[in-house]
Amino acid sequence: MSDYKEYQRWLELVRLIELPHWDNLPNFDLYMDQVVALMTEYTGPLGLEAVTPAMVNNYVKNKVIVAPTKKKYQVMQIADILLITLLKQSFSIQEIRTGIDRVTASEYPKQAYDRFVDLVNKKISQIGKSRPDRNANNLTDQLLEAASDMIVDQLETNQLVKIVKNSKVHEPTKIKKIK
């Protein structure tokens with residue numbers, strides 16, 4: 001399969017991915033192994049690093065997410081873990097927490113999460129196509145737009161680097177001068 005066809009195939013597959021809205025996240029408590037499996041289901045097809053129990057425990061220990069109740073995680077914690085997984089490619093964990101807190105200071109977490117997921121899903125569905133100019137009217141909207149752009153751009157860049165890295169290097173053909 002040519003590199004271009006492989007990329008096109010990847011584009012077709014990744015454009016079908018939709019991250020879940022708040023109401024589509026489990027509305028019942030989950031144990032750690034269930035959280036890890038759920039995150040793998042959501043982010044694995046995007047090629048992101050798998051979430052591990054050690055990562056989640058570290059988020060709790062550093063107060064980036066709320067500690068589980070009786071070892072069970074609720075929808076707010078699941079949403080936070082998903083956001084951290086998406087954003088940690090480019091931001092520190094503390095920067096992500098600060099950003100979440102900033103956005104949710106003016107909106108309910110569910111609304112902010114759904115708006116962000118809508119933006120990311122829209123960008124994912126358009127990956128590889130030309131993107132319209134940003135239409136951000138305030139700093140929060142600009143932050144959400146830029147963060148969602150960053151996630152998808154990082155995914156596309158990683159895939160292109162992987163394909164180029166694995167492709168055979170073709171030396172330019174030397175052309176002899178005709179006298």
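This report looks at two helices and the largest pocket of a predicted model.

## Ground rules

Residues are numbered from 1 along each chain as its sequence is written. Since the model is predicted, local features need pLDDT of at least 70 and side-chain atom pairs count only at pLDDT 80 or more, while totals for chains, interfaces and linings use all residues.

## Helix H4

Let's start with H4, residues 75-87 (helices are DSSP runs of H or I, at least four residues, numbered from the N terminus). Its end C-alpha atoms sit 18 Å apart, which agrees with the 18 Å that 13 residues should span at 1.5 Å a residue; the expected span is 1.5 Å times one less than the number of residues.

H4 is mostly covered, with 11 of its 13 residues buried (under 20% relative accessible area, using a 1.4 Å probe and protein chains only). Among them are Gln77, Asp80 and Leu87.

## Helix H6

H6 covers residues 109-125, and its 17 residues reach 24 Å from first C-alpha to last, close to the 24 Å expected. Its buried residues include Tyr113, Phe116 and Lys123.

## The largest pocket

So where do the helices meet empty space? A pocket here is an open set of points on a 1 Å grid over the protein atoms alone, where a 1.4 Å probe fits, with protein on both sides within 12 Å along at least five of seven lines; lining residues have an atom within 4 Å of a point.

The largest pocket is lined by 25 residues, and Leu87, Ile96, Gly99, Ile100 and Val103 lie nearest its centre. H4, H5 (93-106), H6 and H7 (139-166) each supply at least two lining residues, with the largest share, 10 residues, coming from H5.

Notes. Heavy atoms only, no water. Buried < 20%, exposed > 50% of the residue type's maximum accessible area, 1.4 Å probe, protein only.
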